[in-house]
Amino acid sequence: MFTADNLSPADIEVLKPICASCDVALLCRQYAKAAKPTVGFWAGKHYVGRGRKAGQEAA
């Protein structure tokens with residue numbers, strides 16, 4: 001579910017508390033920063049297409 005292409009709002013609500021209590025959240029955040037994922041839910045952030053986080057506008 002964390003690396004799914006299309007997450008529903010309900011999926012995101014399930015994932016948020018998991019990330020909030022995760023022991024490796026810092027490592028996950030560091031990985032996401034380095035890897036620049038294009039989709040998925042990484043360290044509490046939802047990425048949707050071309051590396052943008054949900055809610056970000058295209059540059």
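## Report on a predicted 59-residue chain

Of the 59 residues in the chain, 24% are buried. The model described here is a predicted one, and every value below was computed from it.

### Overall architecture

The secondary structure of the chain consists of 2 helices and 2 strands. Read from the N terminus, these elements follow the order α-α-β-β. Helix α1 covers residues 9-20. Helix α2 covers residues 25-35, and strand β1 covers residues 39-42. Strand β2 covers residues 45-48.

The accessible surface of the chain is about 4300 Å², and carbon and sulfur atoms account for 58% of this area. Among contacts between residues at least 6 apart in sequence, 35% join residues that are at least 24 apart.

### The nonpolar core

In soluble globular proteins, nonpolar side chains tend to be buried together. Which residues make up the largest nonpolar core here? This core has 5 residues in all, namely Leu7, Ile12, Leu15, Cys19 and Phe41. Helix α1 gives the most to this core, contributing 3 residues.

Leu15 serves as an example of how a core residue is surrounded. When its neighbours within four places in sequence are set aside, Leu15 is in contact with Met1, Phe2, Leu7 and Phe41. Two of these partners, Leu7 and Phe41, are themselves listed in the core, whereas Met1 and Phe2 take part in a surface patch.

### A nonpolar patch on the surface

Met1, Phe2, Val14 and Ile18 form a nonpolar surface patch of about 350 Å². Phe2 belongs to the segment before α1. With a relative accessibility of 33%, Phe2 counts as partly exposed. Phe2 can belong to such a patch because its relative accessibility of 33% meets the requirement of over 30%.

### The salt bridge

How many salt bridges does the structure hold? There is 1 salt bridge, and it is formed by Lys16 with Glu13. The closest N and O atoms of the pair are 3.2 Å apart, so the pair falls within the 4 Å limit for a salt bridge. Both residues lie in helix α1, 3 residues apart, which is about one turn of the helix. Lys16 counts as partly exposed, at 41% relative accessibility. Glu13 is likewise partly exposed, with a relative accessible area of 48%.

### Two cysteines without a disulfide

The structure holds 0 disulfides. Why is the sulfur of Cys19 not in a bond with the closest cysteine sulfur, in Cys28? The two sulfur atoms are 6.1 Å apart, which is too far for a bond; a disulfide requires them to be within 2.5 Å. Cys28 is accordingly in no disulfide, the nearest cysteine sulfur being that of Cys19. Cys19 is buried, at a relative accessible area of 14%, while Cys28 is partly exposed, at 22%.

### Backbone angles in two loops

Most residues other than glycine have a negative phi. Lys36 has a positive phi, near 50 degrees, although it is not glycine. Ala43, also a residue other than glycine, has a positive phi near 50 degrees. Lys36 is located in the loop between α2 and β1, and Ala43 in the loop between β1 and β2. Is each of these residues, in turn, buried or exposed? Lys36 is exposed, with a relative accessible area of 59%, whereas Ala43 is buried, with a relative accessible area of 13%.

### Helix α2 and residues later in the chain

Lys33 is part of helix α2 and counts as exposed, at 67% relative accessibility. Gln30 also lies in helix α2 and counts as partly exposed, at 44% relative accessibility. For each of these two residues, the table gives a separation to a residue later in the chain.

| Residue pair | Separation along the chain | C-alpha separation |
|---|---|---|
| Lys33 and Ala43 | 10 residues | 9.9 Å |
| Gln30 and Trp42 | 12 residues | 9.7 Å |

Ala43, the partner of Lys33 in the table, is the buried loop residue with a positive phi described above.

Notes:
Residues numbered from 1 in each chain as written. Predicted model: local features only at pLDDT ≥ 70, side-chain atom pairs only at ≥ 80, totals over all residues. Heavy atoms only, no water. Salt bridge = Lys/Arg side-chain N within 4 Å of Asp/Glu carboxyl O. Helix = DSSP H or I, 4+ residues; strand = E, 2+ residues; numbered from the N terminus. Buried < 20%, exposed > 50% of the residue type's maximum accessible area, 1.4 Å probe, protein only. Contact = heavy atoms within 4.5 Å. Areas by Shrake-Rupley, 256 points an atom, 1.4 Å probe, with all protein chains shown as cover. Patch = residues over 30% accessible without salt bridge, like charges linked within 9 Å, V, L, I, M, F, W, Y side chains within 5 Å. Core = buried A, V, L, I, M, F, W, Y, C linked by side-chain atoms within 4.5 Å.
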